Amino acid sequence: MIPRKNIVLVVGAGASHDFEPEMGTGQLLLENILSRVNEVKETAYLTNILDGLKEKFKINITPFQRKAFFEKLSEYQQSKSVRYSIDDFLNTNLGQDGFWEIGTSSIAFHVLGYEEACLRKASFSVNSWLEELNEFIIQHRLNTWNDRLIDLKIVTLNYDRLLEEFLYRKHGQAISEFINKSIIHIYNKISPLPWQQNEMKNNQGFLMFGHPNNDEQRILDNKDNILLMFEQRMEKNLNLEPTKAAISSANSILFLGYGYDTYNNKNLGLTKLNGKRIFANYFIKEWNDKSKKEFEKFKADNAIWGNQRDGITFTTETCTDFIRHWLRKVAEL
């Protein structure tokens, strides 16, 4: 019998950003929140959402709390030369009154805004790494119910539904089994899509892709779906064990648009890996002495790779080139 090949593709915010530049990386999301959280004018939708916390959750976010959040977030950003994120900021400011609710509401607001940008700018009609992924799925018949020689799991750290929406537009309901079995949102997502009825808590338990982010009521209804990488609720995260099981049983693991930060590495179990084929993409926009040193440091960082040194391939490609070449390559190994 031909052995099944188990492949895991780990997808971070950089992959969504590559698909549509308005979709934020961890750093861009923080900058977006920073630019919005201090707005107080009547047309500021985030203000309406924060005001809605009082009516729905009996949480009153005062102007003082918003100002304190803005100032602390500004200080945090300026203190970091690279690798800053809203998750890390909230972790370093646990216990600050109102910060948690401001942060999670802001994330939900921006995630829907990012999805809307894909619709507004017709991003689905542009060639991308998702087209390459779809070709791979078709080539290896992963969109059928046949026994497969390749098992592909996609672990995404993103709260958006870009993967599901893209594949559903290509295949319709026929792709739902692959999506249900193969795509894991380790930190959950903003909500199910309308056709994901098995995930809905009630008839209103979904948001359309790109649902208007000025709908404060529906955002408040769904904001607690998302989990942050460090929070206490992670103990009840039902996606952690399936994620670790998929990575543990994988022959090959590919990283795309991933930030390689400490909390995610721990939650994915990366520092305990051994004997895997790893393909770690670290996109560098401009190659110079500074970026070369950064890349060499990344390759040498034992905190990321633990005892795993053999079998790692480091690349600096675009998302499209990476999927086109390396995802197909691991299927041949």
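A nonpolar core is a set of buried residues of the kinds Ala, Val, Leu, Ile, Met, Phe, Trp, Tyr and Cys, joined through side-chain atoms within 4.5 Å. The structure above is a predicted model, and the largest core of this kind in it has 100 residues. Phe69, Trp129, Leu133 and Leu152 are the residues with the most contacts inside that core. Helix 6, which covers residues 99-120, gives the core its largest share, nine residues.

Leu152 shows what such a position looks like in detail. Leaving aside its neighbours within four places in sequence, Leu152 is in contact with Ile7, Leu9, Leu133, Phe136, Leu142, Phe178, Ser182 and Leu327. One of these partners, Leu133, is also among the core residues with the most contacts.

The next element to look at is the sheet. Strands of a sheet pair through backbone hydrogen bonds, in either a parallel or an antiparallel way. Here six strands form an open sheet, and their pairing is parallel. Read across the sheet, the order of the strands is 3-2-1-4-5-6. Strand 3 (183-185) and strand 6 (312-315) are the edge strands, each pairing on one side only. From one strand to the next, the twist averages 15 degrees.

The sheet can be followed pair by pair. Three bridges join strand 2 to strand 3, and the two run parallel. In this part of the sheet, Thr156 stands opposite His185 of strand 3. Strand 1 and strand 2 are also parallel, and they pair over seven bridges. Leu9 has Ile154 in strand 2 as its bridge partner. Strand 2 is mostly covered, with six of its seven residues buried. Further along, strand 4 (residues 252-256) and strand 5 (residues 277-281) run parallel and are joined by four bridges. The bridge partner of Phe255 in strand 5 is Ala280. Helix 7 (residues 129-139) packs on the sheet, where it touches strand 1 (5-11), strand 2 (150-156) and strand 4. The direction of helix 7 makes about 155 degrees with that of strand 2.

Helices also pack on one another. Helix 2 (residues 26-36) and helix 4 (residues 63-79) pack at an angle of about 145 degrees, and their axes are 10 Å apart. The crossing of helix 2 past helix 4 is left-handed. On the side of helix 2, the contact is made by Leu30, Glu31, Ile33, Leu34 and Arg36. Helix 4 contributes Arg66, Phe69, Phe70, Leu73, Ser74, Tyr76 and Gln77. By type, the residues of this contact are seven nonpolar, two polar and three charged. Phe69 of helix 4 is also listed among the residues with the most contacts inside the largest core.

Burial is not limited to the sheet. Is Ile247 of helix 11 buried or exposed? Ile247 lies in helix 11 (residues 240-249) and counts as buried, because its relative accessibility is 1% and buried means under 20%. Ile247 and Ile7 are 240 residues apart in sequence, yet their C-alpha atoms are 8.4 Å apart in space. Outside its neighbours within four places in sequence, Ile247 is in contact with Val8, Ile253, Leu268, Leu273 and Lys276.

Glu115 is found in helix 6. At 0% relative accessibility, Glu115 counts as buried. Leaving aside neighbours within four places in sequence, Glu115 has contacts with Asp160, Arg161, Ile190, Met208, Phe209 and Gly210. Two of these names lead on to Pro192, which sits in the loop between strand 3 and helix 10 (216-222). Pro192 is in contact with Arg161, Glu199, Met200, Gly205, Phe206 and Leu207, again leaving aside neighbours within four places in sequence. The C-alpha atoms of Pro192 and Met208 are separated by 8.3 Å, with these positions 16 residues apart along the chain counted as their spacing. Pro192 is buried, with a relative accessible area of 9%.

Two loop residues remain. Ala122 lies in the loop between helix 6 and helix 7, and Arg141 lies in the loop between helix 7 and strand 2. Ala122 has a positive phi of about 55 degrees although it is not a glycine. Arg141, also not a glycine, has a positive phi of about 60 degrees. Ala122 counts as partly exposed because its relative accessibility is 40%, and Arg141 counts as partly exposed at 46%.

Notes. Residues are numbered from 1 along each chain as its sequence is written. This is a predicted model: local features need pLDDT of at least 70, side-chain atom pairs count only at pLDDT 80 or more; totals for chains, interfaces and linings use all residues. Side-chain values use heavy atoms; hydrogens and water are left out. Buried means under 20% relative accessible area, exposed over 50%, partly exposed in between (1.4 Å probe, protein chains only). Contact means heavy atoms within 4.5 Å. Two strands pair if DSSP finds at least two bridges between them. Axes are lines fitted to C-alpha atoms, for helices over the stretch in contact, and angles run from 0 to 180 degrees between N-to-C directions. A crossing is left-handed if the near helix is turned anticlockwise from the far one by less than a right angle, and right-handed if clockwise. Ala, Val, Leu, Ile, Met, Phe, Trp, Tyr, Cys and Pro count as nonpolar, Asp, Glu, Lys and Arg as charged, and the others, Gly among them, as polar.
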